[in-house]
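Good morning, and thank you for coming. I should like to take you through one structure this morning, beginning with its sheet and moving outwards from there.

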Amino acid sequence: MKNIVILISGTGSNMAAILHAAERERWQTRLGARVAAVISNRPDAKGLLTAAEAGVATAVVDHKAYSGRAEFDAALREAIDVHEPTLVVLAGFMRILTPEFVAHYAGRIVNIHPSLLPAFPGLHTHQRAIDAGCKLAGVTVHLVTAELDHGPILAQAAVPVLPGDTADTLAARVLSQEHLIYPRAVAEWLQTA
Ligand code: GRF
């Protein structure tokens with residue numbers, strides 16, 4: 001069985017989209033894959049409840065409980081590796097990871113970033129796209145490398161930036177695309193794993 005471990009920090013709507021796709025598209029029989037666990041760095045992440053309701057194992061590795069990034073990453077790695085993951089999926093996981101952590105999962109850790117990379121790595125992507133006068137915005141699924149929001153691109157989707165858009169209205173338009181392309185990109189990755 002190919003185990004997927006999903007890391008979240010908040011709502012977990014991308015995680016939920018992956019759980020739904022796995023169920024609907026019968027990943028267990030078709031791909032020999034399942035979501036083995038959902039892990040959050042925040043104990044109050046809403047997505048933990050969604051995952052538990054779906055019958056998925058959950059865990060919290062609270063970054064505030066660790067003295068530094070290296071200690072946190074080591075604890076996180078331990079919590080992930082218990083599930084012997086084929087793929088680690090970052091879904092709104094808001095912590096920067098150490099190069100050692102990324103190296104440990106090299107080639108089998110993916111992220112979703114709400115911009116058309118390489119444009120706008122980092123935070124506040126929607127406002128930055130509006131401020132730059134972009135006519136298109138979007139989302140990127142990519143393999144994670146040591147450099148933040150870089151790494152080989154697996155999938156992208158574009159949406160229009162409309163007159164009068166705010167960061168919130170644009171974010172909502174982009175998020176609906178995230179929910180389509182992330183499960184698809186994960187399934188494609190698993191097919192060749
Ligand atoms: C998404 O926009 C994702 O691209 C970004 O953070 C947001 C997470 O949303 N990295 P959710 O927790 O999946 O609902």
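In this predicted model, seven strands form an open sheet with mixed pairing, in the order S3-S2-S1-S4-S5-S6-S7. Strand S3, residues 57-60, and strand S7, residues 153-160, are the edge strands, each of them pairing on one side only. From one strand to the next, the twist averages 20 degrees.

Let me turn to strand S1. S1 runs parallel to S2, and seven bridges join the two. S1 also runs parallel to S4, to which five bridges join it. As a reminder, strands of a sheet pair through backbone hydrogen bonds, either parallel or antiparallel. Asn3 illustrates both pairings of S1: its bridge partner in S2 is Arg34, while in S4 it stands opposite Pro85. A further pair is Val5 with Val88, its bridge partner in S4.

How much of S1 is buried? Six of its seven residues are buried, so the strand is largely enclosed by the rest of the structure.

Next, helix H4, residues 69-81. With 13 residues at 1.5 Å a residue, H4 should span 18 Å; the C-alpha atoms at its ends are 18 Å apart, which agrees. Which residues of H4 are buried? They are Phe72, Asp73, Ala75, Leu76 and Ile80. Viewed down the axis of H4, these buried residues fall within an arc of 165 degrees, so they line one face of the helix. A general point helps here: an α-helix has 3.6 residues a turn, so residues three or four places apart point the same way. On the other side of H4, Ala70 and Glu78 are exposed. The buried residues of H4 pack against strands S1 (2-8), S2 (33-40) and S4 (85-90), and also against helix H5 (99-104).

A second helix to consider is H7, residues 167-192. H7 lies across S1, S2, S4, S5, S6 and S7, and runs at about 155 degrees to S7.

This brings me to the nonpolar cores. The largest has 42 residues, and those touching the most other members are Ile4, Ile6, Trp27, Val89, Tyr182, Val186 and Leu190. H7 provides the largest share of this core, nine residues. Consider Trp27: leaving aside residues up to four places away in sequence, its contacts include Ile4, Ile18, Ala33, Pro183, Val186 and Leu190. Apart from the largest core lies another, of 17 residues, among them Leu7, Ile39, Val61 and Ile109.

Finally, I turn to a loop residue. Where is Thr11 found? Thr11 is in the loop between S1 and helix H1, residues 13-24. Is Thr11 buried or exposed? Its relative accessibility is 53%, and because the threshold for exposed is over 50%, Thr11 counts as exposed. Thr11 touches Lys46 and Gly47, not counting residues up to four places away in sequence. Thr11 and Leu117 are 106 residues apart in sequence, and their C-alpha atoms are 23 Å apart in space.

That concludes my presentation, and I welcome your questions.

Conventions:
Residues numbered from 1 in each chain as written. Predicted model: local features only at pLDDT ≥ 70, side-chain atom pairs only at ≥ 80, totals over all residues. Heavy atoms only, no water. Helix = DSSP H or I, 4+ residues; strand = E, 2+ residues; numbered from the N terminus. Expected span 1.5 Å × (residues − 1). Buried < 20%, exposed > 50% of the residue type's maximum accessible area, 1.4 Å probe, protein only. Arc of directions from axis to C-beta. Contact = heavy atoms within 4.5 Å. Pairing = 2+ DSSP bridges. Axes fitted to C-alpha atoms, helices over the stretch in contact; angles between N-to-C directions. Core = buried A, V, L, I, M, F, W, Y, C linked by side-chain atoms within 4.5 Å.
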